[in-house]
Amino acid sequence: MNTQTRERSARGGRAARVAARTNPPPVYLSTLNRKVGPIDLLGPEGVEKIHNAAMTILETTGIEFRDPVALADWKKYGAKVDGERVRIGRDMLMDLISTVPEEWDYAARNPERSLKVGKRNSVFANAYGAPFVYGLDGVRRPSVLEDAHNFFKLSQMSQSMMVPGILPVEPQDVPVPQRHLELVHAALTLTDKPIKGSVLSEQAARDSVDMTRIVFGEEFVDNNVVMAALLNCNTPLVWDETMLESLRVYAAANQPCLLSPFVLAGASTPASPQGGVALLIAESLAGMAYSQIIRRGAPMVLGVAIMGVSMKTGAPMMGSPEPGLMNLLVGQMARFYRVPWRTCTMWTGSKSPDMQAAFDTANTMWPVLLGGCNYIVHSAGFLEGALGVSYSKWVQDARQLENFHRFFSGLAEENLDAILDDIAEIGPGGHFLGTDHTRENPMHMNPLQNNDSFEQWEAEGAKDAETVGLLEAQRMLDTYVEPYMPPDKRGELNEFVAKKRAEYS
């Protein structure tokens, strides 16, 4: 090797080492197995009280299923059907939901990214459905397909974002009939983590399932969870045709749905935490029961999306105490019914990633995890009441998820005898920075948080949190590497999308 070659090799080696230190590959977090909590606010009598209230709602008031197929199914099964109103006896309902699995495996394209949902397991899922973004320049604008791609890429690069989802933002530049094709294709190719499916229409749900069958294989999909779908009930007490059509598709394919009343406490539900929870429990359980008529044993999730309402403007309000208490109650009721549950978190009414956003975000996450939630949606990025996703807040939130993961993983086993030996050796006035235990058990550190001196922070540009988040988002996108997909699978998937795109144009 001549001198020039050696110099180039040395430079390349140094550059590679610097790049590795600056842009280390993600160390992915596994499913959070909670060792802290859950908090139970109610005793057995309180649980029974809410259960009886929910059953009374379904037996006497009833719930509307605005779909002729569902009405026929319920009538055939023996429920009382009067027009679109369905009244379900508690014995019938409890029998139907008894076959919903308490826990299920969530398969990823890369088996190393697979998860587990239910019992003491919690997973973090991406933001969903915002029509606006706060871009890499911090400016608010309508979201486009490139933004959806970017948030899939950020999810792939994130250590803590376990479920990239399906609709991180609404791509305004893609026609609605084709939107699900672009999003499911992107989720499957730009990430190798578990995804969600579309509920835009019955056909969109079928296409979503068909695309996973291409990638995973038909038999595998029929016997394993490879995607989940988010279905919203129209609170109070209405399941509409579009949602029910999608529910039938996913239940028949053995794929779970997050059956979620959208709660504006004090508006769409009573302001009472117990009364509101009784109503949303009734709504979600009715959808879950119907899924078991379609396919007994299909995995489902009791879902909620709980917000307060500003008595000043009527606008949704995040971070207030009452929704937190309601989430704690929902968690306790889900454990009573022995089903997994889903909720929303890390969102805010703020229009920038400021102090209000930070307060709201933390105040919504703590009760969710203390309540033992299994499937946590909107885990990063939301602003302005879930209408916008901020690149900066997204990466800051994702780093905070690592903190939550560490806290709720609880205490590790420790050799106190060895630690006592360290204390004896160090003695009065010493320090523990150099001990083996300290080196091997460093405290968790968020690299986006600045704990330097004021002078050092100022010398390095006096960057605020929003700026740090934007720079980190850009770094993650610049260093993104698309995960491998076998060429034959990719080719078949591309062909399917191209054919359907032409069909729906």
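**Exercise 1. Is Cys-373 buried or exposed, and what is the disulfide count of the whole structure?**

Solution. The model examined here is a predicted one.

Step 1. Cys-373 has a relative accessibility of 0% and therefore counts as buried, since buried means under 20% relative accessible area.

Step 2. For the pairing of this residue, the nearest cysteine sulfur belongs to Cys-344 and is 8.8 Å away, and Cys-373 is in no disulfide; the cut-off for such a bond is a sulfur pair within 2.5 Å.

Step 3. Cys-257 is likewise assigned to the buried class, with a relative accessible area of 0%, and the closest cysteine sulfur, in Cys-233, is 13 Å from its own sulfur, which is too far for a bond.

Step 4. The search over the whole structure returns zero disulfides.

**Exercise 2. Describe the overall dimensions and packing of the protein, starting from its radius of gyration.**

Solution. Step 1. For 505 residues, a compact globule would have a radius of gyration near 23 Å, and the value of 24 Å found for the protein agrees with this.

Step 2. The C-alpha trace spans about 85 × 60 × 45 Å along its principal axes, and the chain is organised into 18 helices and 20 strands.

Step 3. Of the 505 residues, 51% are buried, while the protein exposes about 22,400 Å², of which carbon and sulfur atoms supply 55%.

Step 4. Among contacts with a separation of 6 or more, 77% are made by residues 24 or more positions apart.

**Exercise 3. Which parts of the chain are linked by the salt bridges of Arg-248, Arg-501 and Lys-500?**

Solution. Step 1. The count of salt bridges comes to 24, and three of the pairs are followed here.

Step 2. Arg-248 pairs with Asp-67, with the closest N and O atoms 2.7 Å apart. This salt bridge links distant parts of the chain, 181 residues apart, because Arg-248 belongs to helix 9 (residues 241-252) and Asp-67 to the loop between strand 2 (63-66) and helix 3 (68-77). Arg-248 counts as buried at 15% relative accessibility, and Asp-67 is buried as well, with a relative accessible area of 2%.

Step 3. Arg-501 and Glu-182 meet through their side chains in a salt bridge of 2.8 Å, N to O. Helix 18 (residues 487-504), which holds Arg-501, is thereby linked to helix 6 (residues 176-190), which holds Glu-182, across 319 residues. Here the burial classes of the two partners are as follows: Arg-501 is partly exposed at 31% relative accessibility, whereas Glu-182 is buried at 14%.

Step 4. Lys-500 and Asp-207 form a salt bridge at 3.7 Å, N to O, and this pair links Lys-500 in helix 18 with Asp-207 in helix 7 (residues 202-216), 293 residues apart. Both Lys-500 and Asp-207 are buried.

Step 5. A network of salt bridges, finally, links Arg-399, Glu-402, Glu-472 and Arg-475.

**Exercise 4. Where is Thr-31 found, and with which residues is it in contact beyond its neighbours within four places in sequence?**

Solution. Step 1. Thr-31 lies in the loop between helix 1 (3-22) and strand 1 (32-33), and its relative accessible area of 16% places it in the buried class.

Step 2. The side chain of Thr-31 reaches the backbone nitrogen of Lys-116 at 3.0 Å.

Step 3. Leaving aside neighbours within four places in sequence, Thr-31 is in contact with Ser-114, Leu-115, Lys-116, Asn-121, Ser-122, Val-123, Met-162 and His-405.

**Exercise 5. Characterise the two ends of helix 14, beginning with Asn-415 and finishing with Gly-427.**

Solution. Step 1. At the start of helix 14 (residues 416-426), a side-chain oxygen of Asn-415 comes to within 3.1 Å of the backbone nitrogen of Asp-417.

Step 2. Just after this helix, Gly-427 adopts a positive phi of about 70 degrees, and Gly-427 is located in the loop that runs between helix 14 and helix 15 (436-440).

Step 3. With a relative accessible area of 29%, Gly-427 is partly exposed.

Step 4. As a comparison of sequence and space, Gly-427 and Val-481 are 54 residues apart along the chain, and their C-alpha atoms are 49 Å apart.

How values were computed
Residues numbered from 1 in each chain as written. Predicted model: local features only at pLDDT ≥ 70, side-chain atom pairs only at ≥ 80, totals over all residues. Heavy atoms only, no water. Buried < 20%, exposed > 50% of the residue type's maximum accessible area, 1.4 Å probe, protein only. Polar contact = N/O pair within 3.5 Å; in protein donor to acceptor, adjacent residues only side chain to side chain. Helix = DSSP H or I, 4+ residues; strand = E, 2+ residues; numbered from the N terminus. Rg over C-alpha atoms; globule rule 2.2 N^0.38 Å. Contact = heavy atoms within 4.5 Å. Areas by Shrake-Rupley, 256 points an atom, 1.4 Å probe, with all protein chains shown as cover. Salt bridge = Lys/Arg side-chain N within 4 Å of Asp/Glu carboxyl O.
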